[in-house]
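The following exercises are to be worked with the sequence and the structure at hand. Each task is followed by a solution in steps.

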Amino acid sequence: NWDDSLGPNPYAALPRMVMLTYQLPDSIRQIAMQGEFDGFDLNIFFSAEGEGRKARFKYEDEVQKWLDLIRGSFSETTVDHLKMGAKKPPLPFSHAPLLKVLNHTFWFLPSVASCDAMENLLKQRQNVFYQDYQIVNASGTKAGIGSEAIPPVKRAMGKNPLASKSITLSCGKLTTGVSIAPWTGILMLRNMTSPEGYFQAAFRVQTPWVMRGHNPNDPNNEEIIKELCYVFDFAPTRALRQISDYSCRLNVGEQSPERK
């Protein structure tokens, strides 16, 4: 609702955030179900042991199925997708419109061991698809402290992020106060108790990405590269609870939770 008489809209370059939540197939999620009401636990699902090159997921088979699922090649869902036709859910790395914009994504995992294990698994020979992506493991002491973790991410993206692909793995670093414009999606792969922490991480992908000076006739022209950004969550109930808690805290004057 920006009033153009006030000048250029300062929010024009801010991408719209789209949140997609997924209920995983039972054959994948059953190993991380906690009792009748606690539901699916991401921290258990992505739990890992060891460090560095020796790190492995406790449930590596299921995590591999999850990697297959998000690129649309998990066999158990193929028949469902055929039945659903055009209504099939857009999976991050198989849905053409999403795949086109998800060149650079941030994967938020539970621990350093999980980040190491994910890096190792992505580099295994069966995961040829993911080997098109530069994997940046921004976890633990090896990633450096604070802003020191940023240069490896930018190096992986290269001079032209439109022509490169990267996946950044982290369990805490780069989730606050960091602006890396080419990130277009975040995969929430861990439990979060604080809605502030959840959205603080999610907003990393909402950084505007604008290119200037592409038109030689108008060096001041701007092209908005990132119009949409995505949050992918694989624990739908948890994700909706975070939104509910966050919105209730934003507006303390309004009494009705529905209006908030």
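**Exercise 1. A link between two helices**

Task: Examine the contact between the side chains of E196 and R249, and establish which helices it ties together.

Solution.
Step 1. E196 and R249 form a salt bridge through their side chains, with 2.8 Å from N to O.
Step 2. E196 belongs to helix α8 (residues 195–202) and R249 to helix α9 (residues 236–250), so this pair connects parts of the chain that are 53 residues apart in sequence.
Step 3. The model under study is a predicted one, and side-chain atom pairs are counted only at pLDDT 80 or more.
Step 4. To classify the two partners, recall that partly exposed residues lie between the buried class, under 20% relative accessible area, and the exposed class, over 50%. E196 is partly exposed because its relative accessible area is 36%. R249 is also partly exposed, at 47%.

**Exercise 2. Further salt bridges**

Task: State how many salt bridges a search of the whole structure finds, then describe the pair D26 and R29 and the pair K123 and E119.

Solution.
Step 1. Five salt bridges are found when the whole structure is searched.
Step 2. One of them joins the side chains of D26 and R29, at 3.6 Å from N to O. D26 and R29 are about one helical turn apart, because three residues separate their positions in helix α1 (residues 26–29).
Step 3. With a relative accessible area of 55%, D26 is exposed, whereas R29 is buried at 13%.
Step 4. K123 and E119 also meet in a salt bridge, with an N to O distance of 2.9 Å. K123 is partly exposed at 49% relative accessible area, while E119 is buried at 17%.

**Exercise 3. From helix α1 to helix α3**

Task: Determine whether I28 is buried or exposed, and how far its C-alpha atom lies from that of V63. Then assess the burial of helix α3.

Solution.
Step 1. I28 is a residue of helix α1. Its relative accessible area is 0%, so I28 is buried.
Step 2. I28 and V63 are 35 residues apart along the chain, and their C-alpha atoms are separated by 7.9 Å.
Step 3. V63 is among the buried residues of α3, together with E62, Q64, W66, L67, D68, L69 and I70.
Step 4. Helix α3 spans residues 60–70, and eight of its eleven residues are buried; the helix is therefore largely enclosed by the rest of the structure.
Step 5. After α3 comes G72, which has a positive phi near 80°.

**Exercise 4. A positive phi outside glycine**

Task: Locate L174, give its phi, and decide whether it is buried or exposed.

Solution.
Step 1. L174 is found in the loop that runs between β8 (166–170) and β9 (185–188).
Step 2. The phi of L174 is near 70°, which is positive although the residue is not glycine.
Step 3. L174 counts as buried because its relative accessibility is 6%.

**Exercise 5. The second largest pocket**

Task: Describe the second largest pocket by its volume, its lining and the character of the lining residues.

Solution.
Step 1. The space in this pocket amounts to about 270 Å³.
Step 2. Its lining comprises 15 residues; those nearest the centre are K100, V101, T184, I225 and K226.
Step 3. Two elements, α5 (96–101) and β12 (228–233), each give two or more residues to the lining. The element that gives the most is α5, with three residues.
Step 4. Sorted by character, the lining residues are nine nonpolar, three polar and three charged.

**Exercise 6. A nonpolar patch on the surface**

Task: Identify the residues that form a nonpolar patch on the surface, and place Y11 within the chain.

Solution.
Step 1. The patch consists of W2, L6, Y11 and L14, which together have about 450 Å² of accessible area.
Step 2. Y11 is part of the segment that comes before β1 (16–21).
Step 3. Y11 counts as exposed because its relative accessibility is 55%.

**Exercise 7. A residue of helix α7**

Task: Find how far K154 lies from V136, in sequence and in space.

Solution.
Step 1. K154 is located in helix α7 (residues 150–157), and it counts as partly exposed at 47% relative accessibility.
Step 2. In sequence, K154 and V136 are 18 residues apart; in space, 9.7 Å separates their C-alpha atoms.

Terms used. Residues numbered from 1 in each chain as written. Heavy atoms only, no water. Patch = residues over 30% accessible without salt bridge, like charges linked within 9 Å, V, L, I, M, F, W, Y side chains within 5 Å. Areas by Shrake-Rupley, 256 points an atom, 1.4 Å probe, with all protein chains shown as cover. Salt bridge = Lys/Arg side-chain N within 4 Å of Asp/Glu carboxyl O. Helix = DSSP H or I, 4+ residues; strand = E, 2+ residues; numbered from the N terminus. Buried < 20%, exposed > 50% of the residue type's maximum accessible area, 1.4 Å probe, protein only. 1 Å grid on protein atoms, 1.4 Å probe; cavity = no way out; pocket = protein on both sides within 12 Å on 5 of 7 lines; lining within 4 Å. Points joined across faces, edges and corners; volume = space filled by probe spheres on them. Nonpolar A, V, L, I, M, F, W, Y, C, P; charged D, E, K, R; others polar.
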